[in-house]
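Here are a few short exercises on helix packing and charged pairs. Keep the structure open while you work through them.

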Amino acid sequence: MERKYYLSDLDCAHCAEKIRVAVEKLNFVDRSEMNFTLKTLKVTYKEYNKNNENNVINTVVSIEPDVTVTYEKNDEKSGIDKTDIIISVIGIIVFVLSYLPVLSGINFWMQLIGCVAVSSKCIINVFKKLKNFDFFDENLLMLIVCIGAFIIGERIEALGVMVFYKVGE
């Protein structure tokens, strides 16, 4: 029997491949196919039952805890996270306001707050992955780039990197 699963909040191609390999190694699975672009996992079972299906779902969640596995495509969830956009816009506004001459005394702190707001989702994802000792992904790399740019004084670069990363995401 073949079953198709939709994996919402899957944003790492390497993690998707790890999921595919782990599912395919299960003794009751004949083969698995991952389509990262469509965020689908197609599983062909040697023997299908509800327990085996739960094992597949548990395997997916053990590798990527933030992923939600569903049988039907969830169009409500797909798209842009409005909270993330609001936080990012606030961060950008605070960052831009820091360049006003009136606020020159606190511009460093405003720029720091702006960058942290824009990169908040990356920061959260890095800390979630740290508990599993599996943190080498694009979130950590983007955070390193942002911190590095901020440290060397290229604060606008730090903000730009995170904004473009979010747009590309």
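A quick definition before we start: a residue counts as buried under 20% relative accessible area, as exposed over 50%, and as partly exposed in between. Also keep in mind that this is a predicted model.

**Exercise 1.** Work out whether Glu24 is buried, exposed or partly exposed, and find its salt-bridge partner.

*Solution.*
- Step 1: Glu24 has a relative accessible area of 32%. The partly exposed class runs between the 20% and 50% cut-offs, so Glu24 is partly exposed.
- Step 2: The Glu24 side chain meets that of Arg20 in a salt bridge, at 3.3 Å from N to O. The cut-off for a salt bridge is within 4 Å.
- Step 3: Now place the pair. Both Glu24 and Arg20 sit in helix 1 (residues 13-24), 4 residues apart, or about one turn of the helix.

**Exercise 2.** Find the salt-bridge partner of Asp66 and say which parts of the chain the pair ties together.

*Solution.*
- Step 1: Asp66 pairs with Lys128, with 3.4 Å between the closest N and O atoms.
- Step 2: Asp66 belongs to the loop between helix 2 (50-63) and strand 4 (68-70), while Lys128 belongs to helix 5 (residues 120-130), so the bridge ties together parts 62 residues apart in sequence.
- Step 3: Check accessibility. Asp66 is partly exposed at 30%, and Lys128 is partly exposed at 36%.

**Exercise 3.** Take stock of the salt bridges: how many does the structure hold, and which residues form a network?

*Solution.*
- Step 1: The structure holds 6 salt bridges.
- Step 2: One of them joins Glu33 to Arg31, whose closest N and O atoms are 2.4 Å apart. Glu33 is partly exposed at 32%, and Arg31 is partly exposed at 39%.
- Step 3: The network links Arg3, Lys50 and Glu53.

**Exercise 4.** Describe how helix 3 and helix 7 pack, then sort the residues of their contact by character.

*Solution.*
- Step 1: Helix 3 (residues 82-97) and helix 7 (residues 155-168) pack at about 160°, and their axes are 12 Å apart. That makes the two helices roughly antiparallel, since angles over 145 degrees fall in that class.
- Step 2: The crossing of helix 3 with helix 7 is left-handed.
- Step 3: Helix 3 contributes Asp84, Ser88, Ile92 and Phe95 to the contact, and helix 7 contributes Arg155, Ile156, Leu159, Val163 and Lys166.
- Step 4: Sorted by character, these residues give 5 nonpolar, 1 polar and 3 charged.

Key. Residues numbered from 1 in each chain as written. Predicted model: local features only at pLDDT ≥ 70, side-chain atom pairs only at ≥ 80, totals over all residues. Heavy atoms only, no water. Axes fitted to C-alpha atoms, helices over the stretch in contact; angles between N-to-C directions. Parallel < 35°, antiparallel > 145°, perpendicular 65-115°, else oblique. Left-handed = near helix turned anticlockwise from the far one by under 90°. Contact = heavy atoms within 4.5 Å. Nonpolar A, V, L, I, M, F, W, Y, C, P; charged D, E, K, R; others polar. Buried < 20%, exposed > 50% of the residue type's maximum accessible area, 1.4 Å probe, protein only.
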